[in-house]
Every structure is written in structure tokens, then in C-alpha cells.
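Thanks for coming. I will go through one structure this morning, starting with a sheet and ending with a pocket. Please have a look at it first.

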Amino acid sequence: MTPSSLHRILAIGASLAVALTGTVHAEEDALSSDSFESIESMIETGEAENALGLIEEQIAELVAVAGRNTVRLVEPLVLKGDALRVLGYYAAALETYDDARAIQRRHFGLHDLEQVDILYKEAETYYEQEEYTSANDRHEYAFSIYIRKFGTDSPEILPGLFTLADWYMHTDNIFTARGLYEKALTDFSLEETTEIEHRIRALSGLAQTYQQERFRPPEYTAKSEKFTPRPYGSINHPEHYYAELNDFSKGEEALLELVRINLSKEDQTSSALADAKLKLADWYLLFEKYEKAAVVYKDIWDTLEGTEQFAFVEEHMTSPKILYKPLPDDPEPPKRETTIPTVELEGRIEIALTVTERGKTKKIKQISSHPGQMLARATRQTASNSIYRPAFVDGIATTTDNVQFLHTFPYYTSARNSASSSTRNNAAYRSSK
């Protein structure tokens, strides 16, 4: 082989390499962010099945040109998991998310922060299956990645800290959440302008833990086991936090500081400042400090009256708003292992009541109840124990009659009974016609 022939072959080889590289890039470019955004939009708008078909095609194309370990697979795999989850294929969704995370970790390390968003999706998937402990494990693991990357003393962990604290709040694990919010306030200097929003969030969360210790929101059920109060989770972080109970003055102090912060950074008529004042006034009302509540409510009204922001008052203060509604437990759903087919139906109990100027309820009158009297007595008791923000006229609290109180709840019956009932109702309807 002559030197010229060798150069010619090498040149051809180089040209082929460039051409093949260009083909790979062209194929990868075809899987553009616009394409992924379009698929994401389809999932969000109820076209998950069609989106799943498209994403499967794109994954196959990408594997063909770049292999099964390309980092470009992470985003489409996550979208595939989203589509599967929307369609109810939870096990397949979890497996797909796990595949995406495995690729991410192979390329960027076991503690790469980018995998956290996928962990949160896994947590949501477990939550939707009512596997609350598994969902909790994913949330705690996600926060442990923040800790491993930045350490326990860096403000860089705050996004993960707040997400975990919010999760604990959502699952009625308020004392563990309190430990996280207090850590954010005591361990980090959150006084700088760029970090003031973090301080506001920590103070808001801290106040909420104290309010919910006394006044539990009705949507909270036993969604999680009661964990030993701790900031991070016992497996990866042995540090414990022991919450103080019934120290409600700290909640009030947090709300007062929120008002002071907003006074220093907001216009007097800003909705953010009004909202901070409203939370403080509601706190006073709930804890029966009626004179203080009246002063703050009146201040909100007087400050905003005659301004464009008076719409805030019209939305929040001109009609009664429920603050505490301790609803009865819903009927137990059928056990998963049961072989008897059941259907879920909606029960409704309507009540009319009077809300006093102090937010208390009286003159409880049941309007309707379905089915029969199921939960009717317990709901009437709930209505009598509820607390409202009263309606205001010229900034003064007033009594309001005929306030509607509606409680809806799921109940369960056998599919056969449901069909028979439907047949009877239809027959009765036909005969009445």
C-alpha cells in the first residue's frame, strides 16, 4: 500500500466518522426540548396515552443512535414515568423513574442533586397509592442528598429542607416539621435581602405548626406513621429534635415578626402586608384574644379602604370564612383484599347556621342529608365546634345568619346494591312521570 493510498483511506475514515457523528447529533437534536415540552403538555391535558406512544418512539430512536446509557435518556424516561403514572400504571412508573435516576447517577455520581426532582416524583407516585411510608422515605432520602452535597450548615440545603418540612406538614407530622423550620431560622443568617424570602417561609411554616397543633385542618388524616421528631430522618442523620408542646406564644411571635418584615419591605397598602396582618388577626381570633383580633382586622380595613387593594378586603372580610372545621372521619373504604365489588358514592350533608361576631356558630339547622342520616349527627357537632372569620362592616365584625355549611364525603356500597338502587330510582322516576 502506497503512502498516498493510506492517506486516502484515513481521509475516508475521518469523513465517515464526522458523518456518523453528525447523524448522531442530528438524531439527538430531533429530540429537542420543544418536543419534550409538547409531550409534557399532552400529559397535562389528558392525552397521556398518546404521549406515551410518542415518547416510546423517541426513546427507541435515541437508544438506537446513542445507546442505553446516554444521559439524553433521562428526560424522556421521566416523561414516560409521568405518563404511566397518570394512566395509573404505578409500578411501571416507579421502575421508569428508577431507570432515569440510575442513568443520572452513573454519569454524575450517587449524590448528584439533579436526581432529587425524580425522587419527588417517586414520592408522589407512592403517595397516590397510599403507600405513605415509602413516600416519606423518598422525601427524606432527597433531603439527605442535599446534606451530603452541602453539609448541614450550608444555606444551600434550604430548598430541600422546606420541601421536606412541607411534606411533614402535609402528613400531619407537625413536630418534625417544626424542627426543620426552627433549624432554618436558628442555623442560618436569613437577614440579608436576598435571603429574606427564606426567613418569611420559615416563619410562616413555624407559625403554622403551632396553629395546627391546636387546630388541625380537616383534610389531615392518618396519612403517615408518627415518626420520632427529628430534623433529617433517623437512618441517615441520627441528630434528633425534641419539640416543645403547647408553646403557642412562639407561633404568635413568628406571625408578629412576619408583619414587621412586611412593614419594612412593602408599601402600607400591599396585599402581602395585608395577608400577614390577616394571619395574625386570625391567630388572635382562634386563640380567643378578641380585642387584639379586632384591632388588627380594623387596621387592615382602614389601611386599604379607598385604595385599589380594597379588593383584598372584599375577598377576605365581607363574608364569613371558615378557619377551623374539625370534620368527622369518613366511612372506612373497603379492604383492598376484599373480593366483593364495591362502588364509591358521594354523601352530602347541608347545614345552615349563624356565625357570631366572634366567629362562633349557633342556631345549627340541618337542611338535607344523604344517604339517610349517615354522619349527620357528627357533622352537626362539627358545625357547632367550627370557628369562622366573621363578616365585617366598616371594619367591625358582625353576626351573619343563614351561613351555608356543606360536608361531602365518600361512602361505599356493593356494586349490586348500587345497581338495584339505581333501577329502583329510575322506576320511581318513570312512575312519577
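In which sense do E2 and E7 pair, and over how many bridges? Before I answer, note that this is a predicted model. The pairing of E2 and E7 is antiparallel, and it runs over 13 bridges. For one position to find on screen, take Leu345, whose bridge partner in E7 is Tyr411.

E2 covers residues 342–355, and it also pairs with E3, residues 361–370. That pairing is antiparallel too, over seven bridges. Here Glu350 stands opposite Ser368 in E3. E2 and E3 form a hairpin with five residues between the strands, and in that hairpin Gly359 has a positive phi near 85°.

Put together, this is an open sheet of three strands, in the order E3-E2-E7. Why is one side of E3 and of E7 left without a neighbour in the sheet? E3 and E7, the latter being residues 400–414, stand at the edges and each has a single partner strand, so one side of each has no neighbour there. On average, neighbouring strands of this sheet are turned by 20° against each other, ignoring direction.

A helix goes with the sheet. H15, residues 376–385, lies across E2, E3 and E7, and it runs at about 150° to E3.

Next, the nonpolar cores. The largest one has 66 residues. Within this core, the residues with the most contacts are Phe143, Leu161, Tyr297, Ile300 and Met317. Helix H12, residues 271–286, gives the most to this core, namely ten residues. To look at one of those well-connected positions, take Leu161: leaving aside neighbours within four places in sequence, it is in contact with Phe143, Leu180, Lys183 and Ala184. Apart from the largest core lies another, of 22 residues, including Ile39, Met42, Ile55 and Val63.

Last, a pocket. I will take the second largest, which has a volume of about 580 Å³. Which residues lie closest to its centre? Of the 27 residues in the lining, they are Ser204, Gln208, Gln211, Leu255 and Lys279. Four elements give two or more residues to this lining: helix H10 (196–214), helix H11 (249–265), H12 and strand E1 (321–324). H12 has come up before, as the helix that gives the most to the largest core.

That is all I have; questions are welcome.

Notes: Residues numbered from 1 in each chain as written. Predicted model: local features only at pLDDT ≥ 70, side-chain atom pairs only at ≥ 80, totals over all residues. Heavy atoms only, no water. Pairing = 2+ DSSP bridges. Axes fitted to C-alpha atoms, helices over the stretch in contact; angles between N-to-C directions. Contact = heavy atoms within 4.5 Å. Core = buried A, V, L, I, M, F, W, Y, C linked by side-chain atoms within 4.5 Å. Buried < 20%, exposed > 50% of the residue type's maximum accessible area, 1.4 Å probe, protein only. 1 Å grid on protein atoms, 1.4 Å probe; cavity = no way out; pocket = protein on both sides within 12 Å on 5 of 7 lines; lining within 4 Å. Points joined across faces, edges and corners; volume = space filled by probe spheres on them.
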